[in-house]
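Colleague: I am new to this structure and would like a close look at a single part. Could you walk me through the nonpolar core?

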Amino acid sequence: MKQLDERLRSHYPQLSPQEQRVGDFVFDHFDDLISYNSAELARLSGVSKATVSRLFKRLGYEKYKDMRDELRTLRQSGMPLTDNRDAVQGNTLLARHYKQEMANLTQWVNGIDATQFGEVVKQLASSKRVFIVGLRNAYPVALHLRQQLLQARGGVQVLPQPGQTLSEELVEVTQNDMVVVLAFRRRPRIIKPLLQQLQQDAIPTVVVCEPQAQAVIALARWQLCAPLDSVSAFDSYASANSLINLLANAVLHELLSEGRQRIHQIADLYSQLDELEQR
């Protein structure tokens with residue numbers, strides 16, 4: 001039986017322009033599709049709910065729910081949602097990269113402390129402000145964490161601001177706030193004294209780092225580890241970003257009512273300001 005992406009590709013040339021808009025959105029957001037109901041997909045695609053219904057019937061699904069159930073079953077079985085299985089066989093660079101990425105993901109999932117993770121989520125949801133420190137290679141990851149958390153709550157900042165130092169930024173941090181320190185290897189020297197100062201001031205702090213960073217791990221109240229191993233000269237941050245995805249979703253669930261309302265308000269502003277392309 002063909003999977004959704006195959007069906008959509010084969011039918012795409014025959015679809016109406018409105019149906020193609022939905023198809024474009026599906027291709028761009030395939031991994032998130034399970035989380036959207038038909039009304040949300042219609043709104044995000046800029047079409048009517050009837051258009052969404054017609055499209056999925058054309059693709060062979062009696063109801064939109066049948067498509068979501070199919071994707072959910074595939075995901076739970078461990079099968080890829082899109083059909084690219086031949087590319088990860090053998091001893092090619094792509095295959096070795098894929099296997100290492102899967103090993104990293106498996107390692108952090110198996111090593112996570114559920115109690116600590118739950119405490120971190122509650123602290124991220126309840127703190128007055130959240131400050132995220134990410135330097136060098138951790139900076140893009142810090143920006144991504146901020147962007148994700150901002151969907152569910154306000155008062156999230158990345159430190160330091162461009163061209164600034166940390167001291168001016170952190171001088172007003174209190175025990176009602178929380179600091180997330182992203183401290184991946186080849187860390188700047190300031191990371192250890194920063195964690196020591198936060199520990200001394202009893203600031204709720206979580207450090208996100210690779211499992212080998214034992215000296216750093218000991219300096220924070222909570223520790224979340226993400227392997228960076230790679231088949232090449234460069235570290236891989238796929239598991240770190242996967243961890244952030246889980247964190248952000250857990251925080252959204254913790255703040256479900258307020259978080260969903262905030263997401264809808266953001267989406268309305270996107271529309272009012274015409275900031276994002278409607279496809």
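Modeller: Happy to; here is a walk through the core and one residue in it.

Please keep in mind that this is a predicted model, in which local features need pLDDT of at least 70, side-chain atom pairs count only at pLDDT 80 or more, and totals for chains, interfaces and linings use all residues. Residues are numbered from 1 along each chain as its sequence is written, and side-chain values use heavy atoms, with hydrogens and water left out.

A nonpolar core here is a set of buried Ala, Val, Leu, Ile, Met, Phe, Trp, Tyr and Cys residues joined through side-chain atoms within 4.5 Å, where buried means under 20% relative accessible area, exposed over 50% and partly exposed in between (1.4 Å probe, protein chains only). The largest such core has 36 residues, and Leu124, Ile132, Val180, Leu182 and Phe184 have the most contacts inside it. At least two of its residues come from each of several elements, among them helix 7 (114-126), strand 1 (130-134), helix 8 (138-149), strand 3 (178-182) and helix 12 (238-254). Helices (H or I, at least four residues) and strands (E, at least two) are DSSP runs, numbered from the N terminus. Helix 12 gives the largest share of this core, 7 residues.

Now take Ile132. Leaving aside neighbours within four places in sequence, Ile132 is in contact with residues including Ala142, Leu145, Leu149, Val156, Val158, Val180 and Leu182; contact means heavy atoms within 4.5 Å.

For another buried residue, look at Ile203, in the loop between helix 10 (191-200) and strand 4. Ile203 has a relative accessible area of 7%, so it counts as buried. Again leaving aside neighbours within four places in sequence, Ile203 is in contact with Val173, Thr174, Gln175, Val179, Leu198 and Arg221.
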